[in-house]
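This report looks at the salt bridges of one structure and at the surroundings of the residues that form them. The sequence and the model come before the details.

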Amino acid sequence: MSERTDQRSVVEFHLHIDAPRFSMTEVDGYPPPVFTADRYGDYGARYVDCVTDLGPRGRAVDPDGLNATSLDRRRWTRQTALTEFLAGLSSGPEEKLLAVFDWLAAGHAKPGFRGCPFTNAAVEITDPNHPVRAVILAYKNWLRMTLSGLAAEAGLPDPEELGSDLLLLIDGANARVLISGDRDAMRRARRAAARLIVTARTPSGPAVCTPGTTVPEDDENTEHLMRPSRHGATDESARTLRHPVFDAHLHIIDPQFPLTENDGYLPPAFTVDQYRERVSGLGVRGGAVVSGSFQGFDQSYLRDALARLGPTYVGVTQVPATITDEEIVDLAAAGVRAVRFNVRRGGSASLDELDRLARRAHDVAGWHSELYIDARALPDLAGTLAALPAVSIDHLGLHRDGLPHLLNLVEQGVKVKATGFGRVELDPAEVMTAIVKANPAALMVGTDLPSTRARRPFTDEDFALIAENVGEEHLDAVLWANAAAFYQLPNDLRNPSAMPDS
């Protein structure tokens with residue numbers, strides 16, 4: 001790599017972009033890792049796109065102008081992405097204020113994240129007259145106006161001041177990443193933002209909370225205020241919290257155990273302790289820990305997680321077709337209750353092995369089978385799945401066009417998880433209503449935490465949406481009983497009233 005450097009900028013002469021959505025061919029058996037334009041850009045705003053230091057006819061390129069042009073492209077890309085994200089939410093403006101922090105926190109959690117490019121550029125380029133500074137100010141002003149506009153739409157007092165205060169929290173979290181590498185800073189900034197909103201809503205007198213929020217009795221005790229990804233609270237969410245929940249789909253990601261890149265992706269850590277903190281207060285009293293594509297056939301993380309979570313948690317694992325009966329029995333003794341076929345992401349046994357492996361796992365240990373699959377592909381498997389002893393489908397089948405195929409299997413006893421609302425291409429309310437109408441015993445719920453690679457993470461309002469659409473008559477079954485039976489909790493553990501929350 002050749003570079004011309006000075007105190008202000010670096011101009012890149014040689015770089016490679018490897019994006020798997022384009023064709024790539026192995027050379028000497030080598031498939032390159034993923035390195036997209038976005039990941040290149042994260043190395044710092046001072047790097048410009050692929051340019052030389054000489055313009056037409058040998059004239060020198062102005063690096064200041066190139067830096068500003070490159071950063072401005074990122075500004076427009078980011079503004080468009082956040083605008084589209086907010087437009088796609090069904091929640092109100094007050095909830096969208098907190099969703100901004102969720103969106104930013106999801107970016108911080110991505111592998112390779114090196115800090116906000118605008119914050120990084122501001123640190124590197126201190127000259128107030130530099131053209132890059134104008135781009136930074138344009139982005140910050142746009143973000144402040146977006147926040148102030150949502151505050152005004154929510155009817156909060158002094159929306160301009162509140163928007164500026166919320167931007168201050170965002171800038172502080174971005175600075176924290178730059179200084180100490182703390183990629184959890186934006187999540188904590190969100191909790192502080194929730195407190196600001198509560199205070200703005202009740203500017204005088206004692207603090208008043210909406211259901212699902214908590215205000216500390218003294219200012220020094222702030223840890224338990226507002227949990228991440230809770231876009232406000234509704235009467236429905238408060239009603240849901242009064243019911244016990246079996247979280248039928250969660251992931252534990254502990255980097256002390258083996259992880260394997262999947263399409264260039266390695267997830268950030270999400271440990272048992274982090275899971276417990278996130279669902280505290282949600283009424284979760286059991287659940288199913290599901291192996292992800294990035295965990296392959298490793299069982300060590302799953303054994304550890306189940307031992308730490310306790311007897312109301314079970315495992316859903318990926319195993320090779322060559323697994324022995326003795327190994328299946330051993331995993332069952334550790335709490336595993338199902339085998340997963342990850343059709344969408346890989347990392348599991350293949351569909352060619354589905355029928356034989358699913359039947360053997362059920363015959364040996366009573367396991368059912370779970371499929372992460374786009375429901376549009378179900379017609380090719382419908383006969384096989386309907387004939388298996390027990391099957392469930394993840395994330396409502398993912399796509400609205402597959403709903404008729406999904407409902408056909410529901411009517412034949414296949415279970416469906418109401419999970420991953422941030423990764424589906426359908427209306428969760430419509431699909432849940434249809435499933436309950438077809439077979440109320442078929443629907444189970446889950447958080448899908450930590451929502452790896454989803455467009456948005458799980459929020460408490462996802463549970464509120466479930467409560468609103470399944471109806472009080474079926475709510476206890478959908479939130480707890482259906483899954484507790486399907487995952488074969490012992491009879492003495494199926495009464496959740498005597499169990500503490502996770």
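Asp330 is partly exposed (between 20% and 50% relative accessible area, with under 20% being buried and over 50% exposed, for a 1.4 Å probe and protein chains only), its relative accessible area being 40%. The model is a predicted one, in which local features need pLDDT of at least 70 and side-chain atom pairs count only at pLDDT 80 or more, while totals for chains, interfaces and linings use all residues. Residues are numbered from 1 along each chain as its sequence is written, and side-chain values use heavy atoms, with hydrogens and water left out.

Asp330 meets Arg303 in a salt bridge (a side-chain nitrogen of Lys or Arg within 4 Å of a carboxyl oxygen of Asp or Glu), at 2.4 Å from N to O. Because Arg303 belongs to helix α10 (residues 300–309) and Asp330 to helix α11 (residues 325–333), this pair ties together parts that are 27 residues apart in sequence; helices here are DSSP runs of H or I with at least four residues, numbered from the N terminus. Arg303 is likewise partly exposed, at 35% relative accessibility.

The structure holds 21 salt bridges, among them these three:

| Pair | N to O distance |
|---|---|
| Arg303 and Asp330 | 2.4 Å |
| Asp102 and Arg190 | 2.7 Å |
| Asp374 and Arg376 | 2.6 Å |

In the pair of Asp102 and Arg190, Asp102 is buried at 4% relative accessible area, and Arg190 is buried at 1%. In the pair of Asp374 and Arg376, Asp374 is buried at 14% relative accessibility, whereas Arg376 is partly exposed at 43%.

How values were computed:
Helix = DSSP H or I, 4+ residues; strand = E, 2+ residues; numbered from the N terminus.
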